[in-house]
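Here is a set of short exercises, each with a worked solution. Take them in order, and keep the structure open beside you as you read.

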Amino acid sequence: MSLRHGLWQDAWRRLRRNRAALASGVLLIAILCAALLLPLLSPYSYYAPDWDHLIEPPAFRGWHFLGTDALGRDLLVRTLWGCRISLLVGIAASLVTVTIGVLWGTIAGYVGGRVDALMMRSVDVLYSVPFIPFVIVLTVLFGRDLLLIFIAIGAVSWLDIARIVRGQTLALRNREFIEAARVAGVGTPAMILRHLVPNLIGIVIIYATLTIPTVILFEAFLSFLGLGVQSPMTSLGSLVAEGAGRMQSYPHLLLVPAVFLAAIVYAFNYLGDGLRDALDPRDR
Amino acid sequence: MSNTATDTAPLLETRALRVTYGTPAGPVSVVREVDLAIRRSEFLGIVGESGSGKSQLLLALLGLSAPGARLTGSIRYAGTELIGAGDAALNRIRGDRIAMIFQDPMTALNPYLSVGVQISEVLELHRGLARAAALRRAAELLDAVQISDARRRLAQYPHELSGGMRQRVMIAMALACEPEILLADEPTTALDVTVQAQILALLRELRARTGTAVVLVTHDLGIVAELADRIAVMYAGRFVEEAPAETLFAASHHPYTEALKRSIPRIDAPLPERMASIPGNPPNPAELPPGCAFAPRCGFSEARCLGAVPLLRALGPQHRSACWRDAHE
């Protein structure tokens, strides 16, 4: 015998009824599949120039559907590669952020006392580390690496969520159902994972969906400074930055990656909103 | 039944239990010198006003006093001292051998977990059951607390149930591991009167069927009068009188118990112009008088009542009272 619907099955049932969230989910999956598959099928690569087609606008006659850039590289292929990198950075860094932040915050808030003081003071210390010098030091130590970007972004952005989650945990800790669980003999790890975290899901998901676009834009900023993805590899952020420089003569260089970026950010926001509603059992 | 119960050794026994909190104004004791003995399958009622320390007493028994509490004296369960025992040791007892239900079933269930998950958690934790087996047992437990359509209820969330239903779920959770002692902290206060009666009847029936000892804490003397074998009256953190239920109602000694009894409205007497009440206010545990805590509100108080705290004295078999009036010798 099993429960016909646990938290996740219930959430899925409710999410399916939310059109906007469902459409966003489908769109994200479509972009992800396209980013993974299309570059393999295309005759063009993200780095090889096509000397016969330098800086062409989108055209449906030839094979460069969305045009080419100043070096004759296919913009569609480059944009899809950019989506790959940006989605990877966005999702991976957000997962790191949320996992560390939620665990740090719940442990500090639930255990309390000296543990709390120690954990939150170390958050304060990390807050005061200036970000750009920190990334530069990391690059010097470990070389340029995509993994490094995750670590750098993850290392700073979990601080906010840890603080928020700790505050929520303090409020939850004194609720009667937590006391009831203690009376039932639930130990600290199970208390945090099974009783506190589900109650924090609303705020965590909202925060995660806000983090993904922030991280994508952050990555663009790092790439712009030469600390992130290196040419000829690209990301949505660097494509937008390149395109912005030529937007008066060749608007498609900006528009194409910008539309993808906006679609991804929008879709994550709607999906996050829908997930938050779907995961609250009181909201039917 | 009271005879066989008294012959056996207590399951849980406290000696001179005192719970003290440090406050900016100095230490404040909310439970003072409580000697409590809970015997197998007995129904003990603890009665007192708000702030008399009755909930603090229950929490202290399970090692759940708020952080900063200092416990002195002794709490022995099955030969083990519980004061100073670690969380791991206490967690083996809590929910398994000693369970507790709360005043407000609206807030005592986790809103994010279905009823089935919450009940089976206890079974997984203490009985090592797998989820499927735990759920089967949870359905049986819901049947036992008279929730109809138990299998469907397992998948529901607390907000989909009524208050009485939730309290039944709490009771099912508490009984999941067949505990020896069930602590009930005003389990009916938040419920409608008709539901109250049903829940109390359920507690009585379950006690009779499973042999679980029940400790019912309440401010309503009427509730324990019907259910309890033995009643302890608590005032300002101390037990002031303790007696079998019949004795307490027939021949109580302590002026506070008398006053409590007088303040119950009677259905068979003409309604008085004003409801009887006890003059004065319940004492602040931070500013207790040096003598008997009830003396300032007591009609019989004398000089010695203000000087020293009266101790519990035996007045008969199982009947103890703490009043200077009874100290004739």
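## Exercise 1: The four-stranded sheet

In this predicted model, four strands of chain B form an open sheet in the order 2-1-4-5, with antiparallel pairing.

**Task.** Find which strands of chain B stand at the edges of this sheet, and find what packs on it.

**Solution.**
- Step 1. Strand 2 (26-38) and strand 5 (80-81) of chain B each have a single partner strand, so they stand at the edges, and one side of each is left without a neighbour in the sheet.
- Step 2. Look at one of these edges: strand 5 of chain B is joined to strand 4 (residues 69-77) of chain B by two bridges, and the two run antiparallel. Here Tyr77(B) has Thr80(B) in strand 5 of chain B as its bridge partner.
- Step 3. Helix 2 (residues 54-61) of chain B packs on the sheet, where it touches strand 1 (12-23), strand 2 and strand 4 of chain B. The direction of helix 2 makes about 70° with that of strand 2 of chain B.

## Exercise 2: The eight-stranded sheet

**Task.** Chain B also holds an open sheet of eight strands. Work out its order and its edges, then look at a parallel pair and a hairpin.

**Solution.**
- Step 1. The order is 6-7-8-3-9-10-12-11, and the pairing is mixed.
- Step 2. Strand 6 (98-101) and strand 11 of chain B each have a single partner strand, so these two are the edges, with one side of each lacking a neighbour in the sheet. On average, neighbouring strands of this sheet are turned by 20° against each other, direction ignored.
- Step 3. For the parallel pair, take strand 3 (residues 43-47) and strand 9 (residues 230-235) of chain B, joined by four bridges. Gly45(B) has Ile231(B) in strand 9 of chain B as its bridge partner.
- Step 4. Helix 11 (residues 255-262) of chain B packs on the sheet and touches strand 9 and strand 10 (238-244) of chain B. Its direction makes about 105° with that of strand 9 of chain B.
- Step 5. For the hairpin, strand 11 (residues 313-316) and strand 12 (residues 319-321) of chain B pair in the antiparallel sense over three bridges. Gly316(B) stands opposite His319(B). Two residues lie between the strands, and Gln318(B) takes a positive phi near 65° in this hairpin.

## Exercise 3: The nonpolar cores

**Task.** Which residues have the most contacts inside the largest nonpolar core?

**Solution.**
- Step 1. The largest nonpolar core has 98 residues, and the ones with the most contacts inside it are Ala172(B) and Val215(B).
- Step 2. Helix 7 (residues 163-175) of chain B gives the most to this core, eight residues.
- Step 3. Leaving aside residues up to four places away in sequence, Val215(B) touches Ile38(B), Leu44(B), Ile46(B), Ile181(B), Leu183(B) and Ala184(B).
- Step 4. Apart from this core lies another, of 60 residues, which includes Leu80(A), Tyr110(A), Leu159(A) and Ala162(A).

## Exercise 4: Two helices of chain A

**Task.** Chain A has 10 helices and zero strands. Is helix 5 of chain A largely in the open or largely covered, and is helix 7 of chain A mostly covered or mostly open?

**Solution.**
- Step 1. Of the 12 residues of helix 5 of chain A, one is buried, so this helix lies largely in the open. Gly143(A), with a positive phi near 80°, follows helix 5 of chain A.
- Step 2. In helix 7 of chain A, six of the eight residues are buried, and the helix is mostly covered. The buried ones are Phe177(A), Ile178(A), Ala180(A), Ala181(A), Arg182(A) and Val183(A).
- Step 3. Their cover includes helix 6 (146-173) and helix 8 of chain A, together with strand 6 of chain B.
- Step 4. Now turn to the contact between the chains, which takes 23 residues from chain A and 32 residues from chain B. Helix 7 of chain A supplies six residues, the largest share of the side of chain A that touches chain B.

## Exercise 5: A helix pair

**Task.** How are helix 3 and helix 9 of chain A oriented to each other?

**Solution.**
- Step 1. Helix 3 (residues 75-111) and helix 9 (residues 236-245) of chain A pack at an angle of about 135°, with their axes 7 Å apart.
- Step 2. The two helices are therefore oblique to each other.
- Step 3. Where they meet, Arg78(A), Thr79(A), Gly82(A), Cys83(A) and Ser86(A) of helix 3 face Leu236(A), Gly237(A) and Leu239(A) of helix 9.

Key: Residues numbered from 1 in each chain as written. Chains lettered and ligands numbered in written order. Predicted model: local features only at pLDDT ≥ 70, side-chain atom pairs only at ≥ 80, totals over all residues. Buried ≥ 20, exposed ≤ 12 C-beta atoms within 10 Å, placed from the backbone. Core = buried A, V, L, I, M, F, W, Y, C linked by C-beta atoms within 7 Å. Contact = placed C-beta atoms within 7 Å. Pairing = 2+ DSSP bridges. Axes fitted to C-alpha atoms, helices over the stretch in contact; angles between N-to-C directions. Parallel < 35°, antiparallel > 145°, perpendicular 65-115°, else oblique.
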